Amino acid sequence: MPNVQLVPFQVEGITENTLEVPRGIRMIRARSIWREGFKGENIVVAVIDTGCQSDHPDLIDQIIGGYNFTDDYYGNPVKFADNNGHGTHVCGTIASAENGFGVVGAAPKAKLLVLKVLNGSGEGTTENIASAINYAVNWTGPNGEKVRVISMSLGGPDNDPALHSSIINAVQSNIMVVCAAGNEGDGKSETNEYSYPAAYPEVVAVGSVDRRERISRFSNSNGEVDLVAPGEKVVSTFPGNQFAVLSGTSMAAPHVSGAVALLINKFETILGRKLTELEEFNELINNTVSLGKPKTQEGHGMLKLNHQKLENIKKVLREFRLP
């Protein structure tokens with residue numbers, strides 16, 4: 001069974017106190033959806049990672065369930081605590097609560113299903129990941145909830161047919177699968193770097209940009225990159241009731257996962273019906289803006305929610321500007 005590991009990330013600082021809407025959340029314009037009354041309510045995102053500190057003050061009300069697929073904690077399946085830090089950080093970017101404390105996630109009313117597939121060293125197997133994906137597909141919450149998004153900030157060099165099959169099954173089950181593109185990039189658009197599962201065509205592969213919306217040098221480039229999101233100096237939740245600043249495509253992917261939860265919440269409410277995975281993908285891509293970089297680096301562009309509405313407002317202002 002091929003091994004996988006966390007998409008490499010860098011810890012740039014840890015603090016016990018913060019109070020902010022993180023810059024990345026502002027960059028993707030999540031608040032433009034919040035102001036319309038949609039914050040991801042009743043949308044479940046499965047986070048397949050190192051686990052999560054489920055009693056973190058910003059996450060304690062966000063966790064709807066979990067399962068441990070690793071040998072950590074003597075293989076106890078109901079103990080999915082995060083003994084690495086990565087998973088808690090990812091969870092916070094997706095759905096940290098809007099509670100007047102700490103940080104706020106992209107979809108602060110979404111719920112998280114925490115599936116621990118990587119140990120404290122950030123290592124695991126594709127077999128466990130495939131099992132977690134299948135678990136997410138078949139999971140039903142206490143009130144009949146189903147997983148709508150799977151978020152994976154992990155990867156490896158090997159193409160595992162069983163892993164690929166589980167992803168295909170998830171997408172066919174109307175679950176969007178969001179993956180970090182990988183951090184083996186060299187800053188050159190003409191060279192390809194692949195990491196699985198992000199390299200599978202069925203997933204949404206997310207590259208990284210810095211705080212000035214420049215493509216991160218470490219971000220993998222290839223024909224499967226779908227879009228980019230903030231991945232440098234991202235502040236989010238961290239074990240020990242703390243907050244950390246991390247960088248990597250691992251940090252970009254959860255911005256997209258949270259944004260998808262917002263879009264599902266918004267458009268299913270408006271339309272009065274369930275969206276298909278393809279409709280969700282098309283709506284996601286409709287909320288991107290090209291940075292003028294090669295498609296191998298930026299895919300369809302930078303995630304910016306409601307950018308079309310913003311452009312329309314700017315157009316109206318230009319047309320009615322007083323002489």
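Where is the place of Phe9? In this predicted model, Phe9 sits in the loop between β1 and β2 (10–15). With a relative accessible area of 26%, Phe9 is partly exposed, because that value falls between the limits of 20% for buried and 50% for exposed. Not counting residues up to four places away in sequence, Phe9 touches Asn84, His86, Asn183, Leu246, Ser247 and Met251. Although Phe9 and Gly231 are 222 residues apart in sequence, their C-alpha atoms are 9.6 Å apart in space.

## The two sheets

The strands β1 and β2, which flank the loop of Phe9, lead to two sheets. An open sheet of 3 strands has the order β8-β1-β10, and its pairing is antiparallel. Here β8 and β10 are the edge strands; each has a single partner strand, so one side of each is left without a neighbour in the sheet.

Strand β1 (residues 3–6) pairs with strand β8 (residues 123–125) over 3 bridges in the antiparallel sense. Within this pairing, Val4 has Gly124 of β8 as its bridge partner, and Gln5 has Glu123 of β8. Strand β10 (residues 154–155) is joined to β1 over 2 bridges, again in the antiparallel sense, and Leu6 is matched there with Leu154. Helix α4 (residues 126–138) lies across β1, β8 and β10 and runs at about 75° to β8.

The other open sheet to be described also has 3 strands, in the order β2-β15-β14 with antiparallel pairing. Its edge strands, β2 and β14, each pair on one side only. Direction ignored, neighbouring strands of this sheet are turned by 30° against each other on average. The pairing of β2 with β15 is antiparallel and extends over 5 bridges; in it, Gly13 stands opposite Val245 of β15. Helix α3 lies across β14 and β15, running at about 115° to β14.

## Packing of α3 against α6

Two packed helices are described by the angle between their axes and the distance between the axes. The axes of helix α3 (residues 86–95) and α6 come within 8 Å and cross at roughly 35°, and the crossing is right-handed. On the α3 side, the residues that meet α6 are His86, His89, Val90, Thr93 and Ile94. Their counterparts in α6 are Ser250, Met251, Pro254, His255, Ser257 and Gly258. The residues of this contact comprise 4 nonpolar, 7 polar and no charged. Two of the residues named here, His86 and Met251, are also among those touched by Phe9.

## Nonpolar cores

In soluble globular proteins, nonpolar side chains tend to be buried together. The largest nonpolar core has 48 residues, and the members that touch the most others are Leu112, Val204, Val206, Val256 and Leu284. Helix α6 (residues 249–271) gives the most to this core, with 10 residues. Apart from it lies another core, of 33 residues, which includes Leu115, Trp139, Leu163 and Ile167.

The surroundings of Val204 can be given in detail. Leaving aside neighbours within four places in sequence, Val204 is in contact with Met176, Val177, Val178, Cys179, Asp226, Leu227, Val256, Phe281 and Leu284. Val256 and Leu284 stand beside Val204 in the list of core members that touch the most others.

## Backbone features in loops

Which residues have a positive phi although they are not glycines? Tyr73 and Asn241 are two such residues, and they are set out below.

| Residue | Phi | Loop | Relative accessibility |
|---|---|---|---|
| Tyr73 | about 60° | between β5 (63–68) and α3 | 24% |
| Asn241 | about 60° | between β14 (234–238) and β15 (242–247) | 36% |

Tyr73 counts as partly exposed at 24%, and Asn241 is likewise partly exposed at 36%. The loop that holds Asn241 links β14 with β15, strands that belong to the sheet β2-β15-β14. The loop of Tyr73 leads to α3, the helix that lies across β14 and β15.

A further backbone feature is the peptide bond from Tyr196 to Pro197, which is cis, with omega near 20°. Pro197 is found in the loop between β11 (176–180) and β12 (204–209).

Definitions and conventions. Residues are numbered from 1 along each chain as its sequence is written. This is a predicted model: local features need pLDDT of at least 70, side-chain atom pairs count only at pLDDT 80 or more; totals for chains, interfaces and linings use all residues. Side-chain values use heavy atoms; hydrogens and water are left out. A nonpolar core is a set of buried Ala, Val, Leu, Ile, Met, Phe, Trp, Tyr and Cys residues joined through side-chain atoms within 4.5 Å. Buried means under 20% relative accessible area, exposed over 50%, partly exposed in between (1.4 Å probe, protein chains only). Helices (H or I, at least four residues) and strands (E, at least two) are DSSP runs, numbered from the N terminus. Contact means heavy atoms within 4.5 Å. Two strands pair if DSSP finds at least two bridges between them. Axes are lines fitted to C-alpha atoms, for helices over the stretch in contact, and angles run from 0 to 180 degrees between N-to-C directions. A crossing is left-handed if the near helix is turned anticlockwise from the far one by less than a right angle, and right-handed if clockwise. Ala, Val, Leu, Ile, Met, Phe, Trp, Tyr, Cys and Pro count as nonpolar, Asp, Glu, Lys and Arg as charged, and the others, Gly among them, as polar.
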